[in-house]
Amino acid sequence: MKTKYILAEFVLVFLFLAVPPLLVSDGNPAALSGSFSPVVAVQAAIALALDIQERICTAHRQNIHSINNRFAAIVTVLKWLPLTFGLLLVTYAAMQTLALLCRTQAAPLPTLPATPGGVAMLVLSLAVGAYYEEVLYRQYMPQTLLGLLESRPRLSALCECLPLFVFALSHRYLGSLSVANALCCGAVLRVCQKKTGSVYTGTAAHAAYNAFTVLVIYLLGR
């Protein structure tokens, strides 16, 4: 019964959360404009619900009262946060270099907010978006698939690749290089999630990476 519930939930999450981004032809202009978007609140609520569910399901396997475990977790975060962020920047630089070599036409630069309130909303949108994607694509989808198919270890590669490719293809409206960039960055962030055991380190690196790319857009648009 529990397996059927988990499978039904996964199908619903996949159909209503993972599939729609594959069908869009444009991004969310409100995110970069700094104006309020209900999507941000919805993403935050969904990500928090899925994250809490995952933490409840795995709490019995973790000894949160162990000082040694806490110290080891801190060391792991301090190691993987800069490493993950650095790898994301290297990937971004590689894709930008490839775009220049291929003379790929860049997408029009969006107008960024000019008011402090708009900047604050932009930062919030980037942070929530990073948290949402980390929970959905790096934690919920692969972990749920691995749990459902634990009796078939040969399919573990599929459990890892499906969320990765879905995440990458959700960026197809930005072009093929953006898909390749998302594929590489998604793989890096998934490794970070597996090494740290949570989505928070990856969320911090992901949000910092998003902020960096927005800063580049701003500088290029001046």
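What span should the 21 residues of helix 8 have at 1.5 Å a residue, and how far apart are its end C-alpha atoms? The expected span is 30 Å, and the end C-alpha atoms of helix 8 lie 30 Å apart, so the two values agree. The model is a predicted one. Helix 8 covers residues 176–196, and G197, which comes after helix 8, has a positive phi near 80 degrees.

The secondary structure of the protein chain consists of nine helices and zero strands. Read from the N terminus, the order of elements is α-α-α-α-α-α-α-α-α. Of the 222 residues in the protein chain, 36% are buried. Among contacts with a separation of 6 or more, 81% are between residues 24 or more positions apart.

Helix 1 takes in residues 2–18, which is 17 residues. From its first C-alpha to its last, helix 1 reaches 22 Å, close to the 24 Å expected at 1.5 Å a residue. The buried residues of helix 1 are E9, F10, V13, L17 and A18. Because these residues cover an arc of only 105 degrees around the axis, they lie on the same side of helix 1. K4 and F16, on the other side of helix 1, are exposed. Four helices pack against the buried residues of helix 1: helix 2 (20–23), helix 4 (38–58), helix 6 (116–148) and helix 7 (156–169).

Two packed helices are described by the angle between their axes and the distance between the axes. For helix 6 and helix 8, the axes come within 10 Å and cross at roughly 65 degrees. Helix 6 and helix 8 are therefore roughly perpendicular to each other, and helix 6 passes helix 8 in a right-handed crossing. On the helix 6 side, the contact is made by E134, R138, Q139, P142, Q143 and L146. On the helix 8 side, the contributing residues are G186, L189, R190 and Q193.

E134 is one of the helix 6 residues in this contact. With a relative accessible area of 1%, E134 is buried, because the cut-off for burial is under 20%. Apart from neighbours within four places in sequence, the residues in contact with E134 are Q139, L189, V199, G202, T203 and H206.

Helix 7 also packs on helix 8. Their axes come within 8 Å and cross at roughly 140 degrees, and helix 7 and helix 8 are therefore oblique to each other. Helix 7 passes helix 8 in a right-handed crossing. From helix 7, E160, L164, F165, F167, A168 and L169 take part; they meet V179, A182, L183, G186, A187, R190 and K194 of helix 8.

The buried residues of helix 8 are L177, V179, N181, A182, C185, G186, V188, L189, R190, C192, Q193 and T196. G186 and R190 are among the helix 8 residues that meet helix 7, and G186 and R190 are also among those in contact with helix 6.

Helix 9 spans residues 200–221 and contains I217. I217 counts as partly exposed because its relative accessibility is 22%. The C-alpha atoms of I217 and L112 are separated by 8.7 Å, although I217 and L112 are 105 residues apart along the chain.

Key: Residues numbered from 1 in each chain as written. Predicted model: local features only at pLDDT ≥ 70, side-chain atom pairs only at ≥ 80, totals over all residues. Heavy atoms only, no water. Helix = DSSP H or I, 4+ residues; strand = E, 2+ residues; numbered from the N terminus. Expected span 1.5 Å × (residues − 1). Buried < 20%, exposed > 50% of the residue type's maximum accessible area, 1.4 Å probe, protein only. Arc of directions from axis to C-beta. Contact = heavy atoms within 4.5 Å. Axes fitted to C-alpha atoms, helices over the stretch in contact; angles between N-to-C directions. Parallel < 35°, antiparallel > 145°, perpendicular 65-115°, else oblique. Left-handed = near helix turned anticlockwise from the far one by under 90°.
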